[in-house]
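Reader: Could you take me slowly through one part of this model, the paired strands and the side-chain pairs that go with them? I would be glad of the wider setting too, with each cut-off explained as it comes up.

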Amino acid sequence: MLLYLRLAWRNIWRHRRRTIIIVLAMSTTLAMMMWYDGLITGFTDAIYGNAVKVLGGNIQVHATGYRAQASSTPLLPLNDPQAVIQMAEANPDTLAATLRINTGGLVTNHEGAFAVGITGVVPEQEQAVNIIGQHVTAGRNLTGGDTDSILIGKGLADAMGVQVGDRITMVGRSQHDQMRQRTMTVVGIFDLGMADIEKQTVYISLGEAQSLFDLNGQATEVAVFLKHLGQENAVIRTMKAGLPTGYEIESYEANYPDLASAITTKSGIMDIFSVIIIAIAGVGILNLLLMAIYERTREIGMLGAIGLRPAQISVLFVLEGLMIGFVGIAVGIVFGLIVNGILRQVGLDFGSLTSAASYMALIQGRVYSSWGVEKLPLRVSIVAIISALAALIPAIEAGRREPAEALHYV
């Protein structure tokens, strides 16, 4: 076998121009797939990552028993929430961990009653990670000391016909299922460009929520914001190992299954497209290798004349195809890392596309690519398999050539 490997390696560089063309075809295909994967990851972080931040973080920690009653958003106080925050912040993948109180309720005025989620937050701690506070377009964001103050979305403000400074009535359920009502002043209106999301939740300060819902000094949730999507399971394992019992630690997939389903579906569709693209490139590679067979007809006859059996000639050509494939893979990985390394630094400006579709509003200007290695083993395997299959057909064709006939080929 060592002899075959040496012969195959020498043969691929005897026809340097043809080999370089095939290597470029393979490496360009793989590099484009890495660029594609890196850009898709960047889009996922820019769109779905920001959607997760709007909805309440990558990970939510609740008291035991919350999941069984999640549909009614129960006010179950956390035991020692500061310990949860310290554990989350100790992980290098964590951007921030903040205390929250979540419940359901209504906001009303002369236009009618609107069902909303009521979220008590510590605005100063969430400012850097929650894009709600970063998109206040009228009035101001909440502060930790606010009382009788509420932050609402533009979609809800338009539906209620209110502006900054107007008063609305908020009704919510306390810890003991008693209804609490308070008249609030609209201090700010946030605009995400997505009216449906803007109608879902209103925000008040954590201190106000604690007072209103009989939760003095307590919180019902710790929201954990991570640097990237996909890091949730590893962080959850670490937190579960370091915290005592009494907590339910779940990713956004449990709390927002529709979003998780959308991400999974998008990923599956993108994988199908990528395989199709590589398969198309494989047809081109097959064509180049077939041409190589016809160019080397006399050489194949010589190999048969000196005693190589058809199977051995076929093996030699398969090895050549595989070696060219491995060289193409190595060059492609280098090209892909260089391209994605540049895009990780400078990014691509998609700010002008934020109005193309509602979900594009979640893109914050530039999209920064990842290294594109998330699916590299799969991509490399596909390129290697296609190069082997592309070499197999010419190899079989080469093995069928009669030596005497091939030697007289012009």
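Author: Happily; I will begin with the whole chain, move to the strands and their side chains, and then compare with pairs elsewhere.

A word on the ground rules. This is a predicted model, in which local features need pLDDT of at least 70 and side-chain atom pairs count only at pLDDT 80 or more, while totals for chains, interfaces and linings use all residues. Residues are numbered from 1 along each chain as its sequence is written, and side-chain values rest on heavy atoms, with hydrogens and water left out.

The chain has 15 helices and 12 strands; these are DSSP runs numbered from the N terminus, with helices being H or I of at least four residues and strands E of at least two. Of its 410 residues, 49% are buried, where buried means under 20% relative accessible area, exposed over 50% and partly exposed in between, with a 1.4 Å probe and protein chains only. Among contacts between residues at least 6 apart in sequence, 78% bring together residues at least 24 apart; a contact here means heavy atoms within 4.5 Å.

Now to the part you asked about. Strand β6 covers residues 167-173, and five of its seven residues are buried. On one hand, β6 pairs with β2 in the antiparallel sense over four bridges; two strands count as paired if DSSP finds at least two bridges between them. In that pairing, V107 stands opposite M170 in β6. On the other hand, β6 also pairs with β7, again in the antiparallel sense, over seven bridges. There, the bridge partner of V171 is Q181 in β7.

Side chains from β7 and β2 take part in salt bridges, of which the structure holds eight. The rule asks for a side-chain nitrogen of Lys or Arg within 4 Å of a carboxyl oxygen of Asp or Glu. From β7, R182 meets E208 with N and O atoms 2.9 Å apart. Because E208 lies in helix α8 (residues 206-212), this bridge ties strand β7 to a part 26 residues away in sequence. The two partners differ in cover: R182 is partly exposed, at 24% relative accessibility, whereas E208 is buried, at 3%. Salt bridges with shared partners also join D148, R182 and E208 into one network.

Strand β2 has a salt bridge of its own: R100 and E126 bring their closest N and O atoms to 2.8 Å. R100 belongs to β2 (residues 94-109) and E126 to helix α4 (residues 123-126), so the pair links parts 26 residues apart in sequence. Both ends are covered here, with a relative accessible area of 4% for E126 and 2% for R100.

For a contrast in sequence distance, look at R379 and D37, a salt bridge whose closest N and O atoms are 2.7 Å apart. R379 sits in helix α14 (residues 376-400) and D37 in helix α2 (residues 16-55), so this bridge ties together parts 342 residues apart in sequence. R379 and D37 are both buried.

Aromatic rings bring us back to β7 by way of the N-terminal helix. There are two aromatic pairs in all, counted when ring centres of Phe, Tyr and Trp (its six-membered ring) lie within 6.5 Å, with planes under 30 degrees apart called stacked, over 60 edge-to-face and the rest tilted. W9 and W13 have ring centres 5.8 Å apart and planes at 70°, which makes them edge-to-face. These two tryptophans are four residues apart in helix α1 (residues 2-14), so about one helical turn separates them. W9 is partly exposed at 44% relative accessibility, and W13 is partly exposed too, at 25%. F190 and Y203 also pair edge-to-face, with 6.0 Å between the centres and 75° between the planes. F190 lies in β7 (residues 179-190) and Y203 in β8 (residues 201-205), 13 residues apart. Both rings of this pair belong to buried residues.

To gather it up: β7 pairs with β6, contributes R182 to a salt-bridge network, and supplies F190 to an aromatic pair with Y203 of β8.
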